[in-house]
Amino acid sequence: MGQFLSRFGIRLGTRINENEINRIPIHHKCRNCGQGCDPTKSTNTCVNAKFTRTGTKDQVSIIRPIIPNDKVRWSTSFDYHPIEFTSEKIRTSTKEYVDRDPRQDPNVQIPWNLDDRLCDRRSYHGTYKIIGRVPQNPCGRTGITGRGHLGHFGPNHAADPIVTRWKRDENGQEIIHPSTRKPILQFVAIRRKDTNELAIPGGMVDKKEKVTDTLQREFQEETLNFPDLDERSKHNLLATIKDIFENGGIRIYCGYVDDPRNTDNSWMETTAYNFHDGKNEHLAKINVHGGSDALCAFWHDLSGEVSLFASHSEFLQRVADIHRAHW
């Protein structure tokens with residue numbers, strides 16, 4: 001496992017091979033409720049089907065039709081009746097970055113699989129199919145057509161900064177976990193406003209924005225509100241963060257993510273980087289606070305027992321493997 005994951009510990013600016021991305025497990029959580037599934041039990045039922053994977057505090061809940069795990073791939077035969085759903089917020093938005101539906105308006109022409117003036121519509125998985133004038137999710141059926149809560153048909157790109165440090169005692173010594181005998185990592189975590197779940201800070205890549213800019217912007221927006229700093233200290237801290245996010249970091253993953261917002265026509269793809277302060281020189285000293293886009297932010301012990309939003313647990317496991325830390 002370590003040898004496989006180490007291929008994702010690639011320095012900033014190196015592109016991950018498409019074949020490697022396609023080997024990464026997908027849909028590790030139930031597509032109907034978002035909970036972890038027990039592979040030893042039947043895949044034709046969902047004990048948590050009363051819950052939704054598309055509802056938020058601002059939107060109505062939508063229940064997806066149950067799709068057995070062996071029927072997710074488009075290549076399998078299945079009597080499939082998905083629900084059409086695009087949220088009211090998306091349908092009525094006047095923002096430039098929100099697509100109009102080409103199925104509703106024949107005059108809408110979207111340059112699929114290309115980088116246009118609004119967004120980069122290319123997928124990390126390569127060329128995706130266009131079925132009925134809209135993209136087809138390359139990873140299979142989701143139970144919902146339309147855009148759901150996403151602004152674009154096809155890939156919606158995000159960036160996730162994983163900021164880590166070693167957990168230390170009052171003497172500054174690394175703390176070793178008693179079971180694995182490995183040092184314990186801590187990461188900057190947030191509590192999401194929309195789902196109230198624990199997560200890595202991150203967000204959508206704005207049009208014509210570099211991923212490194214998104215990583216820095218989202219980290220600042222979601223974890224820093226500087227309640228205790230004067231203007232000079234704030235300026236120095238931002239300058240340090242800018243330098244680190246532009247010149248350091250290890251790319252952990254880029255590609256499709258098992259996100260509760262995914263539909264048959266719109267899906268999330270992300271790039272995750274790890275910024276590790278192993279000597280407590282800069283990032284490790286930040287007293288993080290919830291910013292404008294998060295309920296709260298804090299340093300949290302990295303562990304396989306922590307329940308996180310979407311595919312964030314998988315990213316953290318890779319970080320633990322790279323640093324030979326407790327998981």
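Helix 4 keeps much of itself out of sight: its buried residues are Thr-212, Thr-214, Leu-215, Gln-216, Arg-217, Glu-218, Phe-219, Glu-222 and Thr-223. The model looked at here is a predicted one. The helix runs over residues 211-223, 13 residues in total, and spans 18 Å from its first C-alpha to its last, close to the 18 Å expected at 1.5 Å a residue. Several elements help to cover its buried residues, including strand 6, strand 7, strand 9 (203-204), helix 5 (231-247), strand 11 and strand 12 (294-301).

Val-211 also belongs to helix 4, but it is partly exposed because its relative accessible area is 25%. Neighbours within four places in sequence aside, Val-211 is in contact with Ala-159, Thr-271 and Tyr-273. The last of these, Tyr-273, is 62 residues from Val-211 in sequence, yet the two are 9.8 Å apart in space, C-alpha to C-alpha. Tyr-273 turns up again in an aromatic cluster, together with Phe-219, Phe-245 and Phe-275. Phe-219 is also on the list of buried residues of helix 4.

Two members of that list carry charge partners too. Arg-217 and Glu-218 are linked with Asp-206 and Glu-209 in a network of salt bridges. Side chains of opposite charge can pair when their charged atoms come close. Across the whole structure, a search finds 14 salt bridges.

A few of the pairs are worth a look one by one. Arg-121 forms a salt bridge with Asp-99, with 2.8 Å between the closest N and O atoms. Both residues sit in the loop between helix 3 (88-91) and strand 3 (130-131), so the pair ties together parts that are 22 residues apart in sequence. Arg-121 counts as buried because its relative accessibility is 2%, and Asp-99 is buried as well, with a relative accessible area of 7%.

Asp-120 and Arg-122 make another salt bridge, their closest N and O atoms being 2.9 Å apart. Here the burial picture is of another kind: Asp-120 is partly exposed at 26% relative accessible area, and Arg-122 counts as partly exposed at 44%.

Asp-301 and Lys-167 meet through their side chains in a salt bridge of 2.7 Å, N to O. This pair links distant parts of the chain, with Asp-301 in strand 12 and Lys-167 in the loop between strand 6 and strand 7, 134 residues apart. Asp-301 counts as partly exposed at 25% relative accessibility, and Lys-167 is partly exposed with a relative accessible area of 23%.

Next come the nonpolar parts. In soluble globular proteins, nonpolar side chains tend to be buried together. The largest nonpolar core has 32 residues, and the members that touch the most others are Ile-162, Ile-252, Leu-302, Phe-315 and Leu-316. Strand 6 (154-166), strand 7 (185-192), strand 10 (250-256), strand 11 (266-277) and helix 6 (312-322) are the elements that give two or more residues to this core. Apart from it lies another core, of 22 residues, among them Ala-159, Ala-199, Ile-241 and Phe-309. Ala-159 was met above as a contact of Val-211.

Leu-302 shows what such a position looks like up close. Leaving out residues up to four places away in sequence, Leu-302 touches Leu-185, Gln-186, Phe-187, Leu-316, Val-319, Ala-320, His-326 and Trp-327.

The structure holds eight aromatic pairs. In one of them, the rings of Tyr-128 and Trp-267 have centres 5.4 Å apart and planes at 85°, so the pair is edge-to-face. Tyr-128 lies in the loop between helix 3 and strand 3 and Trp-267 in strand 11, so the pair ties together parts that are 139 residues apart in sequence. Tyr-128 and Trp-267 are both buried.

Gln-136 touches both of these aromatic residues; with residues up to four places away in sequence not counted, its contacts are Trp-74, Tyr-128, Lys-129, Ile-131, Asp-264 and Trp-267. Gln-136 is found in the loop between strand 4 (134-135) and strand 5 (144-148), and it counts as buried because its relative accessibility is 18%, where the cut-off is under 20%.

Finally, the cysteines: the structure holds zero disulfides. Cys-254 counts as buried at 1% relative accessibility, whereas Cys-296 counts as partly exposed at 29%.

Definitions and conventions. Residues numbered from 1 in each chain as written. Predicted model: local features only at pLDDT ≥ 70, side-chain atom pairs only at ≥ 80, totals over all residues. Heavy atoms only, no water. Core = buried A, V, L, I, M, F, W, Y, C linked by side-chain atoms within 4.5 Å. Buried < 20%, exposed > 50% of the residue type's maximum accessible area, 1.4 Å probe, protein only. Helix = DSSP H or I, 4+ residues; strand = E, 2+ residues; numbered from the N terminus. Contact = heavy atoms within 4.5 Å. Disulfide = S-S within 2.5 Å. Expected span 1.5 Å × (residues − 1). Salt bridge = Lys/Arg side-chain N within 4 Å of Asp/Glu carboxyl O. Phe/Tyr/Trp six-rings, centres within 6.5 Å; stacked < 30°, edge-to-face > 60°.
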